[in-house]
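Visitor: I have a chain open here and would like to talk through it with you. Could you take me through it piece by piece?

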Amino acid sequence: MRVVIAEDDALLREGLALLLKTAGIEVAATFDNAEGFLEFVEGDRPDAVVMDVRMPPTHRDEGLRAAVRAREIHPGLPVLVLSAHVETSYAVELLADGVGAVGYLLKERVGKVERFLDALERVAKGGTAMDPEVIGQLMSRRRAADPLEALTAREREVLALMAEGYNNGTIAELLVVSDGAVLKHIRNIFAKLGLPSDEGGGHRRVLAVLAYLGRDAG
């Protein structure tokens, strides 16, 4: 896998490069600004991108804009965005094209190497990887009298893990239940939320759940 890193913090940028190389992943290039990154991807399509949300010159959303632009240049380009803080609007915007192969993680997750590498691998394979803090905020900001209130505590746990991008088998392992129990919970969740059934566990299911959580939140 060839990965491009765009991160303006030199220490984190070099740390990410070392982490990936140690894991046997090729680092095709590193950048400390969005402009240089976009120039690179215009002529080369990496297997995945790790991108900081806030980049020079204003340190607002240049990284996010560059990630969206890169996916316009190369539709479906896998992008894992890193942020120091939870910005649910950024996560929702990144998912807006409905294609998948996107991730949004807090920078503190990089220290949990196995989880970070797992997230990158899922994104590179066309899946999604959403930070649990992002999912938590989306769920907590839903309006009053929301269908989410009809979910049981276990169903809410399953919903959150689905939204993070985990498949049925992994959810079963994390919750220490059977695959059949997870499937039953998912069926109940989709019925209660009025979402079309999709038991395959693919990224379209995740995107449907995230779109629901992002709708009318706030």
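Guide: Let me begin with Leu94, which touches Leu64, Ala67, Val81, Val102 and Gly103 when residues up to four places away in sequence are not counted. Please keep in mind that this is a predicted model.

Visitor: Where does Leu94 lie, and is Leu94 buried or exposed?
Guide: Leu94 lies in helix α4, which covers residues 88–94. Its relative accessible area is 3%, and because buried means under 20%, Leu94 is buried.

Visitor: And how are Leu94 and Ala67 placed along the chain and in space?
Guide: Leu94 and Ala67 are 27 residues apart along the chain, and their C-alpha atoms are separated by 8.1 Å.

Visitor: OK, zooming out: how many helices and strands does the chain have?
Guide: The secondary structure comes to ten helices and six strands. The chain has 218 residues, of which buried residues make up 48%, and among contacts with a separation of 6 or more, 66% are between residues 24 or more positions apart.

Visitor: Which residues touch the most other members in the largest nonpolar core?
Guide: Those are Phe37, Leu159 and Leu213, in a core of 53 residues. Helix α7, residues 153–164, gives the most to this core, with six residues, and the core draws at least three residues from each of domain 1 (2–141) and domain 2 (153–214). There is also a second, separate core of 19 residues, which includes Leu20, Ala119, Val123 and Ala129.

Visitor: Switching to a polar residue, where is Asp131, and what does Asp131 touch?
Guide: Asp131 sits in the loop between β6 (128–130) and α6 (132–140). Leaving out residues up to four places away in sequence, Asp131 touches Tyr104, Leu105, Leu106 and Arg109.

Visitor: Buried or exposed, that Asp131?
Guide: Asp131 counts as buried, with a relative accessibility of 0%.

Visitor: Which side chain makes a polar contact with the side chain of Asp131?
Guide: That is the side chain of Arg109, joined to the side chain of Asp131 by a polar contact of 2.7 Å. In addition, a polar atom of the Asp131 side chain lies 3.0 Å from the backbone nitrogen of Leu106.

Visitor: What about aromatics, how many pairs are there?
Guide: The structure holds one aromatic pair. The rings of Phe31 and Phe40 have their centres 5.7 Å apart and their planes at 55 degrees, so this pair is tilted.

Visitor: Why tilted and not edge-to-face?
Guide: Edge-to-face would need planes over 60 degrees apart and stacked would need them under 30, so the 55 degrees between Phe31 and Phe40 makes the pair tilted. As for accessibility, Phe31 counts as buried at 17%, whereas Phe40 is partly exposed at 21%.

Visitor: And what lies over the face of Tyr166?
Guide: Arg122 does, at 4.4 Å from the ring centre.

Visitor: Last topic, the backbone: where is there a cis peptide bond?
Guide: A cis peptide bond joins Pro56 and Pro57, with omega at about 10 degrees, and Pro57 is placed in the loop between β3 (48–52) and α3 (62–73). As background, most peptide bonds are trans, and most residues other than glycine have a negative phi.

Visitor: What is phi for His59, then, and for Val176?
Guide: Phi of His59 is near 60 degrees, a positive value in a residue other than glycine, and Val176 has a positive phi of about 55 degrees although Val176 is not a glycine either. His59 is found in the loop between β3 and α3 and counts as partly exposed at 37% relative accessibility, while Val176 is found in the loop between α8 (168–175) and α9 (179–193) and counts as exposed at 72%.

Notes
Residues are numbered from 1 along each chain as its sequence is written. This is a predicted model: local features need pLDDT of at least 70, side-chain atom pairs count only at pLDDT 80 or more; totals for chains, interfaces and linings use all residues. Side-chain values use heavy atoms; hydrogens and water are left out. A nonpolar core is a set of buried Ala, Val, Leu, Ile, Met, Phe, Trp, Tyr and Cys residues joined through side-chain atoms within 4.5 Å. Buried means under 20% relative accessible area, exposed over 50%, partly exposed in between (1.4 Å probe, protein chains only). Helices (H or I, at least four residues) and strands (E, at least two) are DSSP runs, numbered from the N terminus. Domain bounds come from an automatic or database domain assignment. Rings of Phe, Tyr and Trp (its six-membered ring) pair if their centres lie within 6.5 Å; planes under 30 degrees apart count as stacked, over 60 as edge-to-face and the rest as tilted. A charge sits over a ring if NZ of Lys or CZ of Arg is within 6 Å of the ring centre and within 35 degrees of the ring normal. A polar contact is a pair of N or O atoms within 3.5 Å; within protein, one must be able to donate a hydrogen and the other to accept it, and residues adjacent in sequence count only if both atoms are side-chain atoms. Contact means heavy atoms within 4.5 Å.
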